[in-house]
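Reader: I'm new to reading structures and I keep getting lost in the helices. Could you pick one part of this one and walk me through it slowly, starting from the whole chain?

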Amino acid sequence: MRDMEKHSKPWDSDQITREYFDSLLVEMRHIDAVIPSTKLELYGETFDTPIMMAALSHLDNVRENGMVEMAKGAYAANAVNWAGMGDEEELAAITATGARTIKIIKPYADNDDLFRKIEHAERCGVFALGIDVDHAFGGNGKCDLVLGHQMRPKSLAELKEFINATKLPFIIKGVLSEQDAYKALEAGAKGIVVSHHHGIMNYAVPPLYILPKIAKVINHQIPIFVDCGIMSGMDVFKALALGADAVSAGRVIMEPLRKNGSEGVKDQIIKMTEELAGVMARTCSQDLKHIDPSVIWKRNGW
Ligand SMILES: Cc1cc2nc3c(=O)[nH]c(=O)nc-3n(C[C@H](O)[C@H](O)[C@H](O)COP(=O)(O)O)c2cc1C
């Protein structure tokens, strides 16, 4: 039965991604090990964990004021908060919680909408901002319409214009190729999110599978974030070991948010951070900058 379930949707990018996470094994290193630090340094600020909120949106159907509750949870856990699509009033309420927030703006067809949103996010005091370039198209090869808003793909030249329009770090979300990693660097991005946007396309490469190649391209010039299917501190550890500087968690915080609001979010971040620390301790990883990729083994190879 379990095997049937496992292979029930071979095209499903979330399923493929889960299988890839589970194919990675971790060796243990105990001699000279120390109590690890999970502190994250990002854009000049310090956080208690490399586990950040994903760029979510429209969480009112999960919990009343869901986006603000999530921000409060991130603030209480001293974690980075992200915000996806949403109106100006909501972003102002999110940043008013004190949560250090990264705003991801949609690839609106009209660039003036983007410039307006960049300006508004700056006024709200966001920590950084960016664009999810992977949400330009629908599955039919036409430009997507998201809740009545027209999207379209952006050129390298347009990305440079957005980046030049702000002094804040600008992040490109939805990088899943070496080619886009090169272009993100050329555009002047200050961070990328390696992601398939929770399976926006079938048979998408698992982010962790392509991460080491992308990390080689980026070569520590800018931070690399990863999302999609992060469910535990062990998943976080594998992402960090393979080249991520930090990760985002989305769907895994939905249930805690629904049940317990900001408390639930905070508790979930702390629980996953402790799981991460547990693996770091047993792999002689003293801090986030000292996780040796050679602790990771691929299960298929034995
Ligand atoms: C309810 C929901 C809303 C989302 N809204 C956005 C959004 O507005 N902008 C964006 O870039 N990504 C959005 N995402 C995608 C997430 O940022 C993330 O890439 C994806 O969920 C994968 O992470 P996960 O597997 O931890 O959920 C959304 C995801 C969910 C589940």
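Author: With 302 residues, a compact globule would have a radius of gyration near 19 Å, and this chain has 19 Å, so the two agree. Bear in mind that what you're looking at is a predicted model. Laid along its principal axes, the box filled by the C-alpha atoms is roughly 55 × 40 × 40 Å. Inside that, the chain has 10 helices and 14 strands, and 46% of its 302 residues count as buried. Take the contacts between residues at least 6 apart in sequence: 68% of them join residues at least 24 apart.

Now let's zoom in on two helices, H7 and H8.

Start with H7, which covers residues 178-187. Which of its residues are buried? They are Asp180, Ala181, Ala184 and Ala187. Look at the spacing of those numbers with this in mind: an α-helix has 3.6 residues a turn, so residues three or four places apart point the same way. Seen down the axis of H7, the buried residues fall within an arc of 125°, so they line one face of the helix. Turn to the face pointing away from that buried side and you'll find Gln179 and Glu186, which are exposed. And what covers the buried residues? The cover includes helix H6 (156-164), strand E10 (170-175), strand E11 (191-194) and helix H8 (207-218). Right after H7 comes Gly188, with a positive phi near 100°.

H8 was in that cover, so to speak, and it's our next stop. Its buried residues are Pro207, Leu208, Ile210, Leu211, Ile214 and Ile218. Down the axis of H8 they fall within an arc of 145°, so here too the buried residues line one face of the helix. What do they pack against? The partners are helix H2 (13-23), E10, H7, E11, strand E12 (224-226) and helix H9 (233-241).

For a view from the other side of that packing, try Val194. Leaving aside its neighbours within four places in sequence, Val194 is in contact with Val175, Leu176, Pro207, Ile210, Leu211, Ile214, Ile224 and Val226. Four names there should ring a bell: Pro207, Ile210, Leu211 and Ile214 are among the buried residues of H8. Val194 also belongs to the largest nonpolar core, which has 82 residues. Val194 is one of those with the most contacts inside that core, along with Met53, Met70, Ile192, Ala244 and Val247. The largest share of the core, 7 residues, comes from helix H10 (residues 254-281).

Back to H8, and the spot where it ends. The residue that follows H8 is Asn219, in the loop between H8 and E12. Its phi is near 50°, a positive value in a residue other than glycine. Why point that out? Most residues other than glycine have a negative phi. Is Asn219 buried or exposed? It has 9 C-beta neighbours inside 10 Å, so Asn219 counts as exposed; the cut-off for exposed is 12 or fewer.

If you'd like a second case to practise on, go to Asp32, in the loop between strand E1 (24-26) and strand E2 (40-42). Asp32 has a positive phi, near 75°, and is a residue other than glycine. Asp32 counts as exposed because it has 7 C-beta neighbours inside 10 Å.

How values were computed
Residues numbered from 1 in each chain as written. Predicted model: local features only at pLDDT ≥ 70, side-chain atom pairs only at ≥ 80, totals over all residues. Buried ≥ 20, exposed ≤ 12 C-beta atoms within 10 Å, placed from the backbone. Arc of directions from axis to C-beta. Contact = placed C-beta atoms within 7 Å. Core = buried A, V, L, I, M, F, W, Y, C linked by C-beta atoms within 7 Å. Rg over C-alpha atoms; globule rule 2.2 N^0.38 Å.
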